[in-house]
Amino acid sequence: MALDNKTDFKYIGTRPERPDGLDKVTGKARYGADAYAPGMLHGAVVRSPHAHARIVRIDASKALALDGVKAVVTRADFAQDLEGEDWNLLENTIAGEKVLYDGHAVAGVAATSALIAKDAAKLVDVEYEVLPHVTDVDAAMAEGAPVLRDGAADHSVPDGLHPNVVRYTEFGRGDVEAGFAAADLVIERSFKTEAVHQGYIEPHACLAQLGTDGKGELWCCTQGHWFVRRMCAALLGLEATQLRVTASEIGGGFGGKTTVFIDPIALALSRKSGKPVKLVMSRSEVLKASGPTASASMDVKMGMTKDGKLTAATGTFRMQGGAFPGAPMDMTTMLAFSCYELDNVHHEGFDVMTNRPKQAAYRAPGAPMGAFAVESVFDELCEGLGLDPIDARLKNAVKEGTRSSFGPKYKAVGLIETLEAAKAHPHYSAPLAENTGRGIASGYWMNWGGETSVSLAIGEDGTVQVGVGTPDIGGSRASMALMAAETIGIPYENVRVNVVDTAALGVNEPTHGSRATYASGLATIEAAREAIGKLCQRAADKWGIDVDAVEWKDGAAHPSGPNAGDFEPLSIAEIAGEMGSTGGPITGHHDASPTGFGGSFGTHIVDVHVDPETGRSTVTRYTVIQDAGKAIHPDYVEGQFQGGAAQGIGWALNEEYIYGEDGRLQNDVFLDYRIPVASDLPMIDTVIVEVPNPGHPYGVRGVGETGITPPLPAIACAVSHATGHRMTRLPMSPPRVLRAIQGKGVS
Amino acid sequence: MIKSRLSCLPENNNPAPLLRRIEAAHFGTDRVRRRDFLMDISFRLNGELVSLTDVDPTRSVLDFLREDKGLTGTKEGCNEGDCGACSALVGDAGGVRAQNTCLMMLGHLDGRALVTVEGLAAPDGTPHPVQQALVDHHGSQCGFCTPGFAVTLAAGHLSSDHDIKTLLGGNLCRCTGYAPILRAAEAAATETSPPHLKDALEAPRPDASKEAGPACPGAVDALATLYADHPEATLIGGATEVALDVNKALKDLPFPIFLGQVREFDKIEITEDKITFGAGASIETLRRIMAGHHPGFAEMLTRFGSAQVRAAGTIGGNVANGSPIAETPPPLIALGAELHLRHRDARRNLPLEQYYVAYGQQDRRDGEFIEAVSIPRQKDRLRSYKIARRFDQDICTVLGAFNIHVNVGKVLSARIAFGGMAGVVKRAEAVERALIGRPWTRETVAAALDAFETDFAPISDLRAGADYRREVARNLLLRYWHEDQGTPVAVMGVTP
């Protein structure tokens, strides 16, 4: 799909109210836990208190004897013949022979009230044989570490590695040794980041109904209901199209709601009890047993000449992704050096299993950790060589035609533009207060297209409805409406966009990979164009002229060209009003797996004040500069920029999964797992750079994910400059920073 | 077995005994619990009077709103008072405030008014100014936290509270980075509050002349008798702690006593030589009073929980609990606060530090309760430093309170107390001794630092290691001295 080179936008680029705005401020919007069905039961999940144990016996007799309890399900109530990723998914959803982490589901209970279900869950007697556990990535790779599951490794893993290493990657080009030899300064450092959680405020919730005939319905909060359908169908042995899944409003996801945790259990409970079952996670369950991000242990080495040209780079990235394969080491390795032109580069990645929950995607999964290590070393090189960090980045920045560190050549990208905008921004030259440091970092996310299906229909009054399959997580209904309005030439308010259920469209991938505005937007535009073609045909038929002589502009058909004849334009409402007698409904539809998604680069500037007596860091100023290609609704683009930065600030300074010696999660509540509140953040400033994506009609690039990639290194560099000590471990919690200030190390 | 009535409301004239022991009670659509007490309560909900009979007084208000009333705009994000998504407006004689409904029990509602997000808009559907501003300024992305923000902002709007960041310390948003929400608050500030809210927030007041019942005593004397007779009872003030036992640990409270209706239990008395707080005074009240006497204490209290938690929590509850990381005891001890304890008609006074015997153990006999806390009037020399990872709504790692009086260059008296450094909140007596009588100089301070080793052997936990705590304690004394010298400049790499 080529770029239109349209510049005179009427609706795109404006900032109208979102269609769901009022529903969200008045409490009318319905989320996962807000659905009720007649006669429904409430579910609860029995979870492991151990990090690693063999299940000896499950005795549910006491639970079943409790008044009001209608069903108990265990692994035996799910599909038995699964393999590969489906088996992993089932094993994570409900344990089989072993529990693999604190909070791992063992059984499900359905009862007539939520309280009875919770009481009953406590009565399910599970006998465990406790096994040795490991939760740290480096410890899990070390000789003698407890083995989570023999034979989990795939063919990529070289001989001699610990069985907990389940996938391995190595790639690069050039001669890194020669590159390092040519450098004037070589810096090599080790870095470590802790696992963090997406921290969506809405816990996972669903309402499930499934009959013994294999037909079912599911209401749930998800980023992708077709994914939910496929996964649930596999885990329960159903035919995909027999399960109709409706996505509720979604209270945040950030990648964490692209998979299933409780939905298959609710369906199994419903099938067993014959009643609808509602299942809602507690916050503690969300933190313990949904899909936090990976933690990482990394070594990065980079060489630079005196004039700021990178000569070589190597990176080793060890990622733990919980008790299953899937840590995002592919993304970490691929994107680590993605900002820079490098002739000599080498990457090595390890996917390591530990006794933690199976990681799920989190905003640019895998990228922030690699960026933390690489951008920190880049900063140290600039510091050592006395170079301006933006000038040095401009010397190495990738542009259209540059061969990327991971292989393919870049199409039009906007890194240089964001760096130049950063340099010109008043923030970059503002004076710094005492004990305050400034950090700069860039980051990248390549974005995604994915299976997409959109239907559009003209109403009998000329208004337009659009059905999309990508749940609206940050204002995408407004963006789709703007694109449809622009294409058809009708007011924004005349378009209503609905996120429809799985029975209404072909398969849609989730709202993930920063794809919704790009892919569903592109399909919306194409569906609108198809409908316009039909509208023009109706006008041509009415006028008795050839359709080629009809032009569509400003929401109406106009005769066009020398031989078209002299007719009054026919508006969309006039054509729609007659559609019943002129050929029936007028619709447009588009299916695609578009591949013209354009990656987005960003550059962040941050000032951090460090209190030298307590080690506490305060972000005093923050500026996000990012390439949006074309901002459809600038407020929601800025919202993504700010949200990414805010999550990055939490990750850098405060958030971490803390496992005790016993392998149990110590901070399973929001009071101890600290996400930023209003007073932790400055008013995050934003600059939208627009380098149009040649693969979208209006130039759109996904913007959701890139924003979380630069904050980790930018903040680490700022703290390093404030304290004079290079920060190589996250989070930079007060005790860790104080130790660094006192020269006691950073671990 | 108690035989008097439970209801606190005059409009409930049902002569039948309202207290009944049952094996299992069924109520609402959602609950079965084994409970000794049921209660009849009346309150105003979004403008309508609601009367409930035979309800479990410890049932969470959030649960009641969502499950029984279908008011699903009020969201459950954590069920522990940490996220604010369940905030609702509460109105009573003490004014209007936002509280977390997950930490409120039905027993708290009796005689009060509650407005949920559904009740903010005018009856004709016109959104509240903060709601419209949130739409206009794109203050929601996913929107799940938005009802809580709308309610908290409406509370701030009513009280013309312009310190929005502090007001919002108890509302988590993960999508926006807060900037659009803060802009919305600013934009709404100049709009007038819709008139319907005033009526909706007016509490249906209990008739003080009626005898109030045991679960909800109306007088301190009644409370003293009841608690002495039933020391197994659980006293419920703001429930910021006990609600977690009920909601999360699924504990049954065999005998709840709600303190919210005890007359004069939240009374403040300021005389020439002391300030006395009734144990039921809220943390917010304490903060307001302290602002005029010990502003450093008040400032630290802006970092106690969140606006919602400060409105609910009481000074008595915070002190009585005995938590080694409670926020009010260190400054109170530094100020020389005294507890006024009561058992039936017997009263005794106790310096606060003596109340904390050991971790989990307080100097309080069965059936005895804290009636009041008093602070001697004095020149303000108090500084309280709460060290936590996050500014708002965080548990403290270390909390140091310093009250050092100086006369002609010499330390006349020193009271220093720390939370988070031992199993109880504790005075740094060795440090105090090393200061008293000596010149108030940096040398004296530096020489006193090692005495912290005598006073404390801190532990390591998930918040920080023992070394960090030790280091911070020393640095805080230095900071106090620097601030006192008018050079409140942080000293990089302090080396005493």
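**Exercise 1. Disulfides**

Determine how many disulfides this predicted model holds over all chains, and explain why Cys206(A) forms none.

*Solution.* Begin with the cut-off, which asks for two cysteine sulfur atoms within 2.5 Å. Next, look for the cysteine sulfur closest to that of Cys206(A): it belongs to Cys220(A) and lies 6.6 Å away, which is too far for a bond. Then turn to Cys232(A), whose nearest cysteine sulfur, again that of Cys220(A), is 7.2 Å away, and which is in no disulfide. The count over all chains is zero disulfides. As for their surroundings, Cys206(A) is buried at 0% relative accessibility, and Cys232(A) is buried with a relative accessible area of 0%.

**Exercise 2. Rings around Phe456(B)**

Classify the aromatic pair of Phe418(B) and Phe456(B), and find which parts of chain B the pair links.

*Solution.* First take the geometry: the centres are 5.6 Å apart and the planes stand at 65 degrees, so the pair is edge-to-face, given that angles over 60 degrees count as such. Then place the residues, with Phe418(B) in strand 19 (residues 410-419) and Phe456(B) in the loop between helix 18 (451-455) and helix 19 (466-484), 38 residues apart, so that distant parts of the chain are linked. Phe418(B) is buried at 0%, and Phe456(B) is buried at 3% relative accessibility.

**Exercise 3. A second partner and a charge**

State whether Phe452(B) and Phe456(B) are stacked or edge-to-face, and name the residue whose charged end sits over the ring of Phe456(B).

*Solution.* With 6.4 Å centre to centre and 25 degrees between the planes, this pair is stacked. The charged end belongs to Lys426(B), 5.1 Å from the ring centre of Phe456(B).

Note on methods
Residues are numbered from 1 along each chain as its sequence is written. Chains are lettered from A and ligands numbered from 1 in the order in which they are written. This is a predicted model: local features need pLDDT of at least 70, side-chain atom pairs count only at pLDDT 80 or more; totals for chains, interfaces and linings use all residues. Side-chain values use heavy atoms; hydrogens and water are left out. Buried means under 20% relative accessible area, exposed over 50%, partly exposed in between (1.4 Å probe, protein chains only). Rings of Phe, Tyr and Trp (its six-membered ring) pair if their centres lie within 6.5 Å; planes under 30 degrees apart count as stacked, over 60 as edge-to-face and the rest as tilted. Helices (H or I, at least four residues) and strands (E, at least two) are DSSP runs, numbered from the N terminus. A charge sits over a ring if NZ of Lys or CZ of Arg is within 6 Å of the ring centre and within 35 degrees of the ring normal.
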